[in-house]
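Work through the exercises below with the sequence and coordinates open. Each one sets a task and then solves it step by step.

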Amino acid sequence: MKDLKSKIEQYRKEFEEAVSEVRDSAALQKLRNLYLSRKKGYVAGLMDQLKTLPNEAKRDAGQLINTFKDHIQAELQKLQDTFQKQKKYVKAVDLTLPGTKCYWGAPHPLRVFQEKMEDIFLRMGFSIEDGPEIETDYYNFEALNFPPHHPARDDWDTLYINDDLLLRTHTSPVQIRVMEKKKPPIRIIIPGKVFRKETPDPTHAPMFFQMEGLVVDLGITFADLKGTLDFFLKAMFHNKIKIRFRPSFFPFTEPSAEVDISCTVCNGKKDDCRVCGGTGWVEILGAGMVDPQVLKNVNIDPEKYSGFAFGMGIDRTAMFEYQIPDMRLFYENDLRFIREFSRK
Amino acid sequence: MKISVNWLKNYIELDLSTSELIDSMESIGLMVESWEEKDDDLIVDLETYANRPDTLGHLGIARELSVKLDLPLKEQSWPISEIGIETSDLIDIHISDENLCPRYTGIIVKDIQIGPSPDWLRRRIKAIGLNPINNVVDVSNYVLFSTAQPIHTFDLAKLEGGEIIVREAFKGERLISLEGNDISLTPEMLVIADKKKPVALAGIIGGEETAVSDSTTDIFIESACFDPVSIRKTAKKIGVQTDASYRFERGADISFLPQAAMMTASLLAQFGGKTTKSLVDVFPNPKNEKSVVLRHHRIKELLGLDIEEEFITRTIAMLGFSIDQQQQKIWQIKVPSFRIDIEREADIIEEIARFYGYDKIPLTLPPLKELEPGMDQERVRINELRQMMLHSGYDEVVNFSFNDPAKEMVLKSGKVPIPIRNPISTVTSLLRTTLIGGLLENVAWNINRGADRVHIFEVGKTYFSQGDNTHEEQTLAFVTTGFVGFEHWQKKRKKADFFHLKGTCEALMSQLGYESFSFKTKEVGFFEEEQALLLHLKGEKVGCLGMIKREILDAYSIKRTVWAAELNLSNLFQKQHQTFHFSPIGRFPSVSRDVSFIVDQDVRYQDIKQTVEKLSIPFLESFYLQDRFMGSPVPKGKVSLSFRFIFRHPGKTLLAEEADSYQTQIINALKTGFHFLLREEE
Ligand SMILES: [Zn+2]
């Protein structure tokens, strides 16, 4: 027991000296091994010695060893913490090398734009609807107040499947489908794919995307139409744009309007502006109050309810917003074009 | 339609700058497509509306402007020099069907000198982009572009039997048109005939034989109107559109016919012509004027703006309507015959709004009284799925919904494509039955432009027919070829392979809440043998994936290997998916056990997985394949599979013995099911 005590004292002395000379982590580790190594360390040696003691001495001796062990551990930890704080990284690798890039896909610009439009209407409490792309003549034309053989149909050059079925030329048939199954209040937008018999060129395509809107309720007015579109267009483009409503004609609205916004490309200051042709205005939307005949066609009483509808080309509007000169770019799917929109 | 401003000045005193004039026109909906200053005149090209045939002449435009600018329309008079002969003494008019020709008027001008038109007339004709021909042709064009009423002139001497018959053509009749085309007539076509033969296709084009020529001296002037639908059908059938047919198919002003005839006669009188007395006018069934009731309160209800009564009554009167107050703020309005578009109160309200100015209508927002609680679920899911595809590194494309029949044959989707009756070209004459064709076009396009990888997806409809029905299915497809990810100095790039594709499918299915999907090996039209899987969910096929067949790739001129997958979203979304539930995270440590087996190489992973899952080991949190290899020291025909099983008890620390017993259960099941050998047992 005495032996053990003096041995510990000796180790402690030696340790204090050794510790004061440790200058780096390597020396620290060496010292740790010398004392704490599980098999050959001094502490392990002390433990071995402990086993030879008579049982009644074991308890006190054990405590002595543990105190000593704790002391060493604490000292070494202190030293390690000091080294840690002083640690300096050496220049191992050129940190200006490029970092690892995350590869994510790019959304199609038309989808990006469509979502941007949808978001604005969702903020105004609209919900989103869609319907079939293969439509009947009734939904695409007749119910929307285009009589058979009417020249108004000439503006909607149609791809036919047979005498009755066609590829919808606008998203407007969904207006009818929704009004047939749901009574007012109705407050919807209808984004979707539409088809026309048109050969692709910079401003035409046989297939493109439209967004239609419809609000039907008691007391809906043309002023509500103007307010709604004013909010939408300003949220979509810029708070400062000018908006112009001018009379027009659509078979399914009365009164009808076309909506122009001031040309944000030239601000109306360039006579040969490619976007507005020098007029200072860009046509964005067709709109109007739902024609009373259309309401009658879906058994909504036009004396009681009124509504407005509007529609715009998603492609055309995106072309204007992003300054894309050729509509065909959307459908060529050149990834150099698409990947530009990974930033959108 | 070209409008000469000098010509307009015949009807209205205009004194506006070009920009003032254009602004005035556009504010009432006369949209200027372009304009040009030429020969001291301003020519504006206006958009036309299918419902406003009255604005297809200078008079109609002048009338609109007169209301807008509050200027009077100038009266015009058409003096004639009459001879003592009644028109009806020289010609008889018969109409066989008054529905097809509700009114026909005519007058004869004798002793006319055919020759070039005077300067003023030539100038007018040239201003609107036409070539002056001779005084008679120029006059009828002048009348048409002034009043929108088409006029036809016949050489009276060439009309046989002194008769004009408006009738449907007889089978086998033919007509050589003014343009020299030999038209074969069919019985539903309306013709103007003399006693023997058709002399004109009514309202569309005249015949060569009875046309006015240099030797003509006496002229029969026709001013009539015809059924718009009949005109349109015939014009479409023979593929001709003339200034006359364009107007007749939109509707003519039935009251104006005699005035148009008299105006023509009067102008021809300037070239020495003398007019027969009292024109012939066959008008079997004159209709009453249309009348519409307008209630003042409806204006506010529809426009959201009060408009003073004085403005309303004055505007309506200036537009040529007659107005009669019935009660306080309720008017009975008689609609002039030239406004065929006005039938309802809403039509009148539009007129008032148009002239009041759309810009004066205030901005309000429609009150929100009710909200749809749920979003369209299909849409929500499609958006989730698109985001997952983007995160997985696929770019999004949108292709036309058409397909080329030749490509459809090679693709063999197994569905019956829907043909388009009047396609823009043969290569777009079918609706696509699969998205994969479009995606392969995109692969080829991009590889040809130097892309070293193409990973793309599309969400859109595919179409097919089944019996008499057409179907549309919401579909997702994606293809992958070439390197994955960006090039980077730290690591070698991986190339896309089957498992890259399959990983995306698996991720999609589990993210969408369809954990119980499985794969079946089966031949699929698009894919190479032994390189295809069907994706099944609850016993039904919802998709397929695999390596695209060489012969298909050849059809698209693609030399690379391409993997593709297609999922039928319409089917998939009908399946009940697991809704998301929060489960508490394990608070006690897990025990993991690694086990390696040697097994026949044709044992399928999916079967092993299902066997383990079926055991329903209570605390097996997860397990996965860590390693798989063949070759030495693994015997031939065998494969080594290393799994890691992770066990965790939610309420306590799992004891080693418990984990051991679960592990033994798994090992025994696999040993019996697949003759597994533990690596140690080898
Ligand atoms: Zn501009």
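**Exercise 1. Describe the secondary structure and overall dimensions of chain B.**

Step 1. Chain B contains 20 helices and 33 strands. The model is a predicted one.

Step 2. The radius of gyration of chain B is 40 Å, while a compact globule of 682 residues would have one near 26 Å.

Step 3. Along the principal axes, the C-alpha atoms of chain B fill a box of roughly 130 × 60 × 50 Å.

Step 4. Of the 682 residues in chain B, 52% are buried. The exposed surface of chain B is about 31800 Å², with 50% supplied by carbon and sulfur atoms.

Step 5. Among contacts in chain B with a separation of 6 or more, 69% are between residues 24 or more positions apart.

Step 6. Chain B carries 80 positive and 99 negative charges, and the mean positions of these sets are 7 Å apart.

**Exercise 2. Decide whether chain A is a compact globule or more spread out.**

Step 1. Chain A has 12 helices and 9 strands.

Step 2. For 344 residues the globule rule gives 20 Å, and the radius of gyration of chain A, 40 Å, is well over that value, so chain A is more spread out than a compact globule.

Step 3. The C-alpha trace of chain A spans about 120 × 50 × 40 Å along its principal axes.

Step 4. In chain A, 54% of the 344 residues count as buried. Chain A exposes about 16500 Å², and carbon and sulfur atoms supply 50% of that area.

Step 5. Residues 24 or more positions apart make up 68% of the contacts in chain A that have a separation of 6 or more.

Step 6. The 51 positive and 50 negative side chains of chain A form two sets whose centres lie 12 Å apart.

**Exercise 3. Quantify the interface between chain A and chain B.**

Step 1. The size of an interface is often given as the accessible area lost when the parts come together.

Step 2. Between chain A and chain B this buried area is about 7700 Å², and 57% of it comes from carbon and sulfur atoms.

Step 3. Tyr103(A), Pro247(A) and Leu335(A) supply 10% of the area that chain A buries against chain B, more than any other three residues.

Step 4. Counted by contacts, 93 residues of chain A meet 86 residues of chain B.

**Exercise 4. Find the buried residues of helix 7 of chain A and what they pack against.**

Step 1. Helix 7 of chain A covers residues 173-181, and its buried residues are Pro173(A), Val174(A), Gln175(A), Ile176(A), Val178(A) and Met179(A).

Step 2. These buried residues pack against strand 2 (134-136), strand 4 (186-195), strand 5 (207-218) and strand 9 (305-313), as well as helix 6 (137-140) and helix 9 (292-297), of chain A.

Step 3. The loop between helix 7 and strand 4 of chain A holds Pro185(A). The peptide bond from Pro184(A) to Pro185(A) is cis, with omega near 0°.

**Exercise 5. Characterise the surroundings of Val639(B) and Ser640(B) in strand 32 of chain B.**

Step 1. Strand 32 of chain B runs over residues 638-647 and includes Val639(B). Ser640(B) lies in strand 32 of chain B as well.

Step 2. The cut-off for buried is under 20% relative accessible area. Val639(B) has 1% relative accessibility, so Val639(B) counts as buried. Ser640(B), with a relative accessible area of 0%, is buried.

Step 3. Leaving out residues up to four places away in sequence, Val639(B) touches residues including Phe597(B), Ile598(B), Val599(B), Asp600(B) and Gln601(B). With that exclusion, Ser640(B) touches Phe597(B), Ile598(B), Asp627(B), Arg628(B), Phe629(B), Val634(B) and Arg679(B).

Step 4. The C-alpha atoms of Val639(B) and Phe588(B) are separated by 35 Å, with the two residues 51 apart along the chain.

Step 5. In the loop between strand 31 (620-629) and strand 32 of chain B sits Pro633(B). A cis peptide bond with omega about 5° joins Ser632(B) to Pro633(B).

**Exercise 6. Classify Ala148(B) and His675(B) as buried or exposed.**

Step 1. Ala148(B) is in the loop between helix 6 (135-147) and strand 7 (152-155) of chain B. Its phi is near 75°, a positive value in a residue other than glycine.

Step 2. The relative accessible area of Ala148(B) is 10%, so Ala148(B) is buried.

Step 3. His675(B) is in the loop between helix 20 (656-674) and strand 33 (677-678) of chain B. Phi of His675(B) is near 55°, positive in a residue other than glycine.

Step 4. Exposed means over 50% relative accessible area. His675(B) has 65%, so His675(B) is exposed.

Conventions: Residues are numbered from 1 along each chain as its sequence is written. Chains are lettered from A and ligands numbered from 1 in the order in which they are written. This is a predicted model: local features need pLDDT of at least 70, side-chain atom pairs count only at pLDDT 80 or more; totals for chains, interfaces and linings use all residues. Side-chain values use heavy atoms; hydrogens and water are left out. Helices (H or I, at least four residues) and strands (E, at least two) are DSSP runs, numbered from the N terminus. The radius of gyration is taken over C-alpha atoms; the globule rule is 2.2 Å times the number of residues to the power 0.38. Buried means under 20% relative accessible area, exposed over 50%, partly exposed in between (1.4 Å probe, protein chains only). Contact means heavy atoms within 4.5 Å. Accessible areas come from the Shrake-Rupley method with a 1.4 Å probe; for residues, only the protein chains shown count as cover. Lys and Arg count as positive and Asp and Glu as negative; His and the chain ends are not counted. The place of a charge is taken as NZ of Lys, CZ of Arg, CG of Asp or CD of Glu. Buried area is the accessible area (1.4 Å probe) that two parts lose on being put together, summed over both.
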